[in-house]
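Please look through the sequence and the structure shown here before reading on. The report that follows takes up a few topics in turn, beginning with the ligand.

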Amino acid sequence: EATESATEPDGDGSGGTFGSAIKRGEDVPLLTGDGEYTDDISLRGMTHLAICRSDHAHARIESIDTSDAAAMDGVIAVYTGEDVVESGVPNTIPTAWDLPGLVQPQYRMLATDKVRYEGTGIAAVIAETPHAAHDALERITVEYEPLEHVTDPVEAVERDVPPVHDEAADNVAFDFELGEVDATDEAFADADRVASVDLRQPRIIPNAMEPRAALADWENATGKLRLWMTSQNPHLHRMLLSAGTLGLPENKIQVIAPEVGGGFGSKIYHYPDEAVTAWCSMQLGRPVKWQATRSESYLTDCHGRDHVTTGEIALDDDGTIRGVRVETHAGLGAQLSQFGTATPSYLYTTVLSGQYTIPAIHCRVIGAFTNTTPVDAYRGAGRAEGIYVIERLVDVGARELGIDPAELRRRNLVPPDEFPYESAAALVYDSGEYERAMDLALDHIDYDELRERQRELRDEDRYIGIGIGNFVESAGLSPSGLAGDLGAQAGGWESSIVRFDSTGSVTVLAGTADQGQGHRTTYAQIAAEELGLSVDDVDVVEGDTDRIPQGMGTYGSRSASVGGGSIARGAREVREKARRIAAHQLETSVDDLEFEDGEFRVTGAPDRSLHIQTIAHEAYLGHDLPEGMDPGLEETNFYDPENFTYPFGTHVAVVEVDPETGEIEIERYIAVDDCGEIINPMIVEGQVHGGIAQGIGAALYEGAVYDDNGHLQTRRMDEYAVPHSTQLPEFKTDNTVTPSPHNPIGVKGVGESATIAATPTMVSAVVDALEPFGVDHLDMPLTPESVWRATEGDQ
Ligand code: PCD
């Protein structure tokens, strides 16, 4: 089968741009306040929406009285869920991923019968100012009949509680299995030893800098909806809003994602709130703006993780891993978010082989409804949870066998000549040199020497720990066919347009949508490389469904590989058309043309040449084109890759734990990442830094807490601990480069890698420090209290 050439990008390198650490062009406007975010936009006649939310975790709505609120000064309208129903719109918030046997309960824009988690939207107030709208919320009287609630995914299915949804009497949304149960049982029966771990991966709240926002403008005359919103995927939002929710055709909806201040997964989803904003504008014929407060974001942005897991690993005495068996209860929250089903099933279970040759794997996941905020992908989504499990298992296995944890890992790594490698967890890893990256990481800390020092220090009652995190992940969500087989209700391709104009500058219109990743810089680097131009000649446009006809968006670390792959392919088509024009005008054949520095030169006659920017001008003049050729110089490309990409690497952390106080000091942190060819090393390093911070955050600090009433206790920045820069060490980053053979430019994703790696690395380090106290595992977050208790033998 013909595969596009991987490894080296195709251009001649004259742009010098692919692979160089140029500064991010987008940063100047962002840092000087010129960036335009959704809340910065104002329209004539604009009104403001505030959403009335339940303060019960689980209750029947007896009555809603909105009359006082409606009578307040400045209040324009108050709507309830019944009003939405009566308007006749389809009114569903659809899931985007089906699973066998999935229970899909009704999910409406505003609740009518019951509230199922604290924060459920029940009424919408539209007022002339945001303050008037928020004040009016307090005048809405709701009578509830409280119901017993459940917030824990194990209790939800095991305790006798009133179900979150009647359709799922036992609160089970799905019961998912992957792998071979018999082969795994056999491996466990045959193996010399079995080690196991019970672990929890707490709920994480994404904490993007900019809370979600939407501004809807319904135009009665044309029946068209314009919606600015904080979106990671405007085209997906257009699709999900259209038929399922508002009953509009896609061509009557324009979704615009202006600057978006971070997403980390939380802005992928089609939430009720943005849909309500649009619906309200359709009722009033006036623009409506909704800006979530910070607390509203804590309460309603999809949370991540929430797994309770038992994992087992079967090993032989020589350190060979024979099998892995996993059972997980995954909390889904009260409603199915779009990828809330895919994340704990396919994205999680399929990486359970990690970097290792494991012949038998079996995993069961019980997806449970709970009376909590819906759970969906958070940076690393699914793969972070899976790699955490396998890396914890390898650590406990090493303890069980008395083999050094680095050595046990090394003995089981997939060797470089085994690629493409099909794991027992069903993925086909594209390429990898795991040992090379691992050695590099261990060399940075002089591993063997450090182990020596660790032993010596223990004699002085000092406890340092060395944590190792090997990871591989499936990035670049695609290809469509595979995704469809697994239940996806959307494609996995990406689309772009590469367009020369008659002055020789280039516009790249891309279907992905940046939230801080730096696409405007890296995409320009890709196009400039392919076209022999400078990045200054290239403008990148994202985030507007009317300017960019198609796209799937930015999540799953897909933009560089799928979006960038599409841009490279489009640019190559453009270059080949330019080559045909050059050959025609230079009266030679295309094969006799060399391309360098944007110049087509006749082989052997270098003075006979034409620059691609001159050709662009000619293409739009259209006076002298090869016979039968259409004028213009642009390409629309759809790219549907044949596989995911599989970034990998090894992270190492060195910590010191104070048994008196439980305090953890991070002494060193080394990250070796392999994301294939690197478009921009500085951007990649930035991605890794941010990823490590969030991974360490999950390991040491973060976690959503619900109290006994089902109320979210962590709903403000001083209640939910994200890491401060002062709590983090200087990170040392390094790379190996193993190109993806499935990608036109050889890149792999990197956006989520470090988050996936850092969490198990940190836990591994702290547990390693606590070995003398007989601690094999500690659940996150590793607070001083939990560490101290562990040293006291109280886990
Ligand atoms: N790159 C380069 N090279 C390579 C790769 C990559 O250079 N090899 C680069 C690119 O281009 C970009 C970046 O880097 O710029 C990234 O990429 P990627 O990996 O492809 O990814 P994307 O798609 O773009 O993105 C996404 C991601 C995710 S997924 C997340 S979470 C996060 C990350 O991203 N988020 C964020 N990062 C970040 N950053 C920022 N700033 N912000 C944000 O928000 Mo999910 O699924 O959603 O859960």
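## Polar contacts of the ligand

In this predicted model, an N or O atom in the side chain of Gln 687 lies 2.7 Å from a nitrogen atom of the ligand. The elements that contribute two or more residues to the shell around the ligand are helix 16 (519-531), helix 17 (559-585) and helix 19 (681-700), and of these helix 19 gives the largest share, with three residues.

Two further contacts involve oxygen atoms on the ligand side. The side chain of His 519 has an N or O atom 2.7 Å from an oxygen atom of the ligand, whereas in Arg 558 a backbone N or O atom is 3.1 Å from an oxygen atom of the ligand.

## The shell around the ligand

Taken as a whole, the surroundings of the ligand consist of 35 residues, among which Gly 263, His 519, Gly 556, Gln 687 and Val 750 come nearest. When the residues of this shell are sorted by character, 18 are polar, twelve are nonpolar and five are charged.

The shell can also be described by domain. Because residues of both domain 1 (27-35 + 493-639) and domain 3 (304-477 + 643-791) belong to the shell, the ligand lies between these two domains.

## Nonpolar cores

The largest nonpolar core has 127 residues, and the members that touch the most others are Val 655, Tyr 669, Ile 692, Ile 696 and Met 762. Separate from it is a second core, made up of 41 residues, including Ala 527, Leu 531, Leu 625 and Met 629.

## Cysteines without disulfides

How many disulfides does the count give? The count comes to zero. Cys 280, for example, takes part in no disulfide, and the nearest cysteine sulfur, which belongs to Cys 52, is 13 Å away.

Is Cys 280 buried or exposed? Cys 280 counts as buried because its relative accessibility is 0%, and the cut-off for this term is under 20% relative accessible area. By the same reasoning Cys 675, at 3% relative accessibility, counts as buried.

## A buried glutamine in a loop

Gln 338 is placed in the loop between strand 14 (321-333) and helix 10 (343-349). With a relative accessible area of 1%, Gln 338 is buried. What does the side chain of Gln 338 reach at 2.7 Å? The side chain of Gln 338 reaches the backbone nitrogen of His 270 at that distance.

Definitions and conventions. Residues are numbered from 1 along each chain as its sequence is written. This is a predicted model: local features need pLDDT of at least 70, side-chain atom pairs count only at pLDDT 80 or more; totals for chains, interfaces and linings use all residues. Side-chain values use heavy atoms; hydrogens and water are left out. A nonpolar core is a set of buried Ala, Val, Leu, Ile, Met, Phe, Trp, Tyr and Cys residues joined through side-chain atoms within 4.5 Å. Buried means under 20% relative accessible area, exposed over 50%, partly exposed in between (1.4 Å probe, protein chains only). A residue is near a molecule or strand if one of its heavy atoms lies within 4 Å of it. A polar contact is a pair of N or O atoms within 3.5 Å; within protein, one must be able to donate a hydrogen and the other to accept it, and residues adjacent in sequence count only if both atoms are side-chain atoms. Helices (H or I, at least four residues) and strands (E, at least two) are DSSP runs, numbered from the N terminus. Ala, Val, Leu, Ile, Met, Phe, Trp, Tyr, Cys and Pro count as nonpolar, Asp, Glu, Lys and Arg as charged, and the others, Gly among them, as polar. Domain bounds come from an automatic or database domain assignment. A disulfide is a pair of cysteine sulfur atoms within 2.5 Å.
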